[in-house]
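Got your viewer open? Let's take a walk through this structure, one selection at a time.

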Amino acid sequence: MPPHPRPEPPRPEGMAVYEEGDTVSASWRWYTWQALVTLVFSLAGLWFVATHGSDARHGPAGALVLRALLALTCAGVAYTGLARLLNRTTFTVTPEVVTVTNGPLPWRGGGTWSTLGWERVSVEKTGLESEESARYQLVVDRRGYQLRVGPAVPEAARARWLGWLLETRLRLSSEPPA
């Protein structure tokens, strides 16, 4: 247990917190206006490939492969845009487990982690060096190895608040080991 619990950092905008007994859940939507732009342009790209995508210069097989690659790329970008419009992440902490769910559209980063043996929590910056592309990952020291918990989030403040939540609810340390 940390000797002096840290004060609660400012709660990130758009984060809803629900408490019931010894369970606390933090939830937030992924929505950004850029997701709507991404979705519109990717759907326009799919429409273009479907209606104007044939190209006789590469022959029938080349045109088919090119159309399929363009359609798959546009469909993947459209799915990402739709997920960023509709999805919500819920981070639930109990004394025994931490559960992260993303939905309604399936997305990576969800799961359930046993809290047995957790000693320390920290936030690690991942991704590229620029702040626009950086992501922040919760990392827990557990019996001599590190465990990544939940999806990497794009906002440092959200990751720090979630780290604080784990610290206080599970009585973990945020200090590096001596």
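Let's begin with a charged residue. Select Arg169, which is partly exposed, at a relative accessible area of 28%. Now find its partner: Arg169 forms a salt bridge with Glu19, and their closest N and O atoms are 2.4 Å apart. Keep in mind that you are looking at a predicted model. Glu19 itself counts as exposed, with 56% relative accessibility, a value over the 50% cut-off.

What does this pair tie together? Arg169 lies in helix α3 and Glu19 in strand β1 (residues 16–20), so the salt bridge joins parts that are 150 residues apart in sequence. Side chains of opposite charge can pair when their charged atoms come close.

How many salt bridges does a search of the whole structure find? The count is five, so there is another stop to make. Select Glu124 and Arg148, whose side chains meet in a salt bridge of 2.9 Å, N to O. This one runs between strands: Glu124 is in β6 (residues 118–126) and Arg148 in β8 (residues 145–153), so parts 24 residues apart in sequence are tied together. Both ends are partly exposed, Glu124 at 26% relative accessibility and Arg148 at 43%.

Next, pick Arg158 and Glu155. Their side chains also meet in a salt bridge, at 2.9 Å from N to O. Buried or exposed: which is Arg158? Arg158 is buried, with a relative accessible area of just 7%, while Glu155 is partly exposed at 33%.

Time to switch to the aromatic rings. The structure has three aromatic pairs. Select Trp30 and Trp107: their ring centres sit 5.5 Å apart and their planes meet at 80°, so this pair is edge-to-face. Where do the two residues lie? Trp30 is in the loop between β2 (23–29) and α1 (33–52), and Trp107 is in the loop between β4 and β5 (111–114), so the pair ties together parts that are 77 residues apart in sequence. Trp30 is buried, with a relative accessible area of 16%, whereas Trp107 is partly exposed at 28%.

Keep those two selected and add Tyr79. Ring pairs link Trp30, Tyr79 and Trp107 into a cluster.

Now move over to Trp161 and Trp164. These two form a tilted aromatic pair, with 5.7 Å from centre to centre and 45° between the planes. They sit three residues apart in helix α3 (residues 156–170), which means that about one helical turn separates them. Trace that helix in the viewer and you'll also come across Arg169, from the start of the tour. Are the two tryptophans of this pair buried or exposed? Trp161 counts as buried at 1% relative accessibility, and Trp164 counts as buried too, at 12%.

One last stop: select Thr94. You'll find Thr94 in the loop between β3 (88–93) and β4 (97–103). Thr94 counts as buried because its relative accessibility is 14%, and buried means under 20%. Which residues does Thr94 touch, leaving aside those up to four places away in sequence? Show Asp22, Thr23, Thr115 and Leu170, and you have the contacts of Thr94 on screen.

Conventions. Residues numbered from 1 in each chain as written. Predicted model: local features only at pLDDT ≥ 70, side-chain atom pairs only at ≥ 80, totals over all residues. Heavy atoms only, no water. Helix = DSSP H or I, 4+ residues; strand = E, 2+ residues; numbered from the N terminus. Buried < 20%, exposed > 50% of the residue type's maximum accessible area, 1.4 Å probe, protein only. Contact = heavy atoms within 4.5 Å. Phe/Tyr/Trp six-rings, centres within 6.5 Å; stacked < 30°, edge-to-face > 60°. Salt bridge = Lys/Arg side-chain N within 4 Å of Asp/Glu carboxyl O.
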